[in-house]
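Student: Please choose one part of this structure and take me through it closely, starting from the whole and then staying with that part and what lies around it. I am new to this structure, so please explain each term when it comes up.

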Amino acid sequence: KCQLELGSCDVVTAWASGCSWNEALAISGAAPGDLVRTLSRALDGLRQLGNLPYLPARGLDGTVRLEASGIHPKIRSLCREAANEMDRYPVKDMLPFDEAELDNTEESDEDEKDDIIEEEELVKEPVI
C-alpha cells in the first residue's frame, strides 16, 4: 500500500514548470529548508521512476506475460524530463566544489586568522 502526499503537488508542478524560488516559497507557504526537502524528495522519486526498466507484456518472440513489469517508456521519458527541469539551485546539489572557490576560501581563512592574532595583540595589557 502506498500513500501519496498530495499537498505538495502544486509547488512541485510549478517548480518543474520553471517557477522562481520566491514563487515556489509563496505557493508552498513552507520554510525554505522544508521546501528544499520536499522538492529534493520529489526529484529523487522522478529519477527512480525514470530509471525503471520496461518489460512489455508481449515479447518480441511471441511470449505473453500475465503482467507487464516496469514502466511505460513514455512515462519514463516524462519523469526524466521533469527531473531535469527540477534539478536546479537551490534543490540541485552544488558538489563538487570548484577548486578556485576552495582556494579563495583558504586564503580568506588565513586572512581571518591574521586579523584575530592582531586583535589579540591589541587587547593584551601592557606588562609593568
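Tutor: What follows begins with the whole model and then looks closely at helix α1 and its surroundings.

This is a predicted model, in which local features need pLDDT of at least 70 and side-chain atom pairs count only at pLDDT 80 or more, while totals for chains, interfaces and linings use all residues. Residues are numbered from 1 along each chain as its sequence is written, and side-chain values use heavy atoms, with hydrogens and water left out.

The mean pLDDT (the predictor's confidence in each residue, from 0 to 100) is 77 for the protein, and 66% of its residues reach 70 or more. Among the elements, α2 has the highest mean pLDDT, 95, whereas α5 has the lowest, 52. There are 5 helices and 2 strands in the protein, these being DSSP runs numbered from the N terminus (H or I and at least four residues for a helix, E and at least two for a strand). Followed along the sequence, they give the pattern α-α-α-β-β-α-α. Of the 128 residues in the protein, 15% are buried, where buried means under 20% relative accessible area, exposed means over 50%, and partly exposed lies in between (1.4 Å probe, protein chains only). Among contacts (heavy atoms within 4.5 Å) with a separation of 6 or more, 51% are between residues 24 or more positions apart.

Now to the chosen helix. Helix α1 covers residues 9-16, and its buried residues are V11, V12, A14, W15 and A16. The cover over these buried residues includes α2 (21-28), α3 (32-50) and α4 (73-86). Just after α1 comes G18, whose phi is positive, at about 105 degrees.

Which residues have the most contacts inside the largest nonpolar core? They are W15, A24, L39 and M86, in a core of 15 residues; such a core is a set of buried Ala, Val, Leu, Ile, Met, Phe, Trp, Tyr and Cys residues joined through side-chain atoms within 4.5 Å. Two or more residues of this core come from each of α1, α3 and α4, and α1 supplies the largest share, 5 residues. A24 also shows a link back to the chosen helix, for, leaving aside neighbours within four places in sequence, A24 is in contact with V11, W15, C19 and L35.

Helix α1 also takes part in the second largest pocket, as the elements that give two or more residues to its lining are α1 and α3. A pocket here is an open set of points on a 1 Å grid over the protein atoms alone, where a 1.4 Å probe fits and protein lies on both sides within 12 Å along at least five of seven lines, and lining residues have an atom within 4 Å of a point. The lining consists of V12, T13, A16, R41, A42, G45, L46, Q48, L49 and M86, and α3 contributes the most, with 6 residues. By residue type, the lining holds 6 nonpolar, 3 polar and 1 charged, where Ala, Val, Leu, Ile, Met, Phe, Trp, Tyr, Cys and Pro are nonpolar, Asp, Glu, Lys and Arg charged, and the others, Gly among them, polar.

One of these lining residues, G45, sits in helix α3, and because its relative accessibility is 29%, G45 counts as partly exposed. From G45 to C79 the C-alpha to C-alpha distance is 8.8 Å, although the two are 34 residues apart in sequence.

A similar look can be taken from W15 in the chosen helix. D87 is 72 residues away from W15 in sequence, yet their C-alpha atoms are 9.5 Å apart in space. D87 belongs to the loop between α4 and α5, and with 24% relative accessibility it counts as partly exposed. Not counting residues up to four places away in sequence, D87 touches L43, R47 and K92. P90 lies in the loop between α4 and α5 (99-123), and the peptide bond joining Y89 and P90 is cis, with omega about 5 degrees.

The last stop is α4, part of the cover over the buried residues of α1. R76 is in helix α4 and counts as buried because its relative accessibility is 19%. Leaving out residues up to four places away in sequence, R76 touches L49, G50, L52, P53, Y54 and I71. N51 and R76 are 25 residues apart in sequence, with 7.0 Å from C-alpha to C-alpha.
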